[in-house]
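Visitor: I am new to this structure, and I would like a close look at one part of it rather than a quick tour of everything. Please choose a part, take me through it slowly, and explain each term where it comes up.

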Amino acid sequence: RCVWLWCNLLPFALFPIMGPQGTIPTSVVVSLFFYGMEDVGTRIEQPFGCLPLWQYCDGIEASCKQLLAQTEQQQQQQQQQQQQ
């Protein structure tokens, strides 16, 4: 990937600016940041493999069923009131 190439070429760009003492720590920190951002991007691109979406779906289904049950119950109550 592009991030791998960029992180491997980063020390060559930093060496003239930071010298040998600052190049390694700075390269490591920046590389960890970029690899972390790449991981987040990958997880967002493919959420079905690594995020527990089935739990969210179960919660939404339970809420929908509860809403339908309440609506039906209210309709039955209104019908009974109208018949009286």
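Guide: Helices here are DSSP runs of H or I with at least four residues, strands are runs of E with at least two, and both are numbered from the N terminus. This is a predicted model, in which local features need pLDDT of at least 70 and side-chain atom pairs count only at pLDDT 80 or more, while totals for chains, interfaces and linings use all residues. Residues are numbered from 1 along each chain as its sequence is written, and side-chain values use heavy atoms, with hydrogens and water left out.

The part I have chosen is helix α1, which covers residues 2–45, but its setting should come before its details. The protein chain contains 3 helices and 0 strands, and its elements follow one another from the N terminus as α-α-α. Taken along the principal axes, the C-alpha atoms of the chain fill a box of roughly 90 × 20 × 15 Å. Of the 84 residues in the chain, 13% count as buried, where buried means under 20% relative accessible area, exposed means over 50%, and partly exposed lies in between, for a 1.4 Å probe and with protein chains only.

Within helix α1, one pair of charged side chains deserves a careful look. Aspartate 39 and arginine 43 meet through their side chains in a salt bridge, at 3.2 Å from N to O; such a bridge requires a side-chain nitrogen of Lys or Arg within 4 Å of a carboxyl oxygen of Asp or Glu. Because aspartate 39 and arginine 43 are 4 residues apart in this helix, about one helical turn separates them. Both partners fall into the middle class of accessibility, since aspartate 39 is partly exposed at 39% and arginine 43 is partly exposed at 40%.

How many salt bridges does the whole structure hold? The search finds 2, and the other one joins the side chains of glutamate 61 and lysine 65, at 3.4 Å from N to O. That pair belongs to helix α3, residues 53–83, where its partners are again 4 residues apart, so about one helical turn lies between glutamate 61 and lysine 65. Here glutamate 61 is partly exposed, with 41% relative accessibility, whereas lysine 65 is exposed, with a relative accessible area of 53%.

Returning to helix α1, two more of its residues can be placed. Leucine 9 lies in this helix and is partly exposed, with a relative accessibility of 46%. Asparagine 8 is also found in helix α1, and at 38% asparagine 8 is partly exposed as well. Although asparagine 8 and serine 27 stand 19 residues apart in sequence, their C-alpha atoms are 8.8 Å apart in space.

The numbering also leads to some aromatic rings, and the structure holds 2 aromatic pairs. Tryptophan 6 and phenylalanine 34 form a tilted pair, with 4.7 Å between the centres and 50° between the planes. Rings of Phe, Tyr and Trp (its six-membered ring) pair if their centres lie within 6.5 Å, and planes under 30 degrees apart count as stacked, over 60 as edge-to-face and the rest as tilted. Tryptophan 6 is partly exposed at 41% relative accessibility, and phenylalanine 34 is partly exposed at 33%. Phenylalanine 34 also pairs with phenylalanine 33, in an edge-to-face arrangement with centres 5.7 Å apart and 80° between the planes. Together, Trp6, Phe33 and Phe34 make up one aromatic cluster.

The cysteines complete this close look. Why does the search of the whole structure find 0 disulfides? A disulfide is a pair of cysteine sulfur atoms within 2.5 Å, and the sulfur of cysteine 2 lies 9.3 Å from its closest cysteine sulfur, that of cysteine 7, which is too far for a bond. Seen from the other side, the closest cysteine sulfur to that of cysteine 7 is the one in cysteine 2, at 9.3 Å and so too far for a bond. In accessibility, cysteine 2 is exposed at 63%, while cysteine 7 is buried, with a relative accessible area of 7%.
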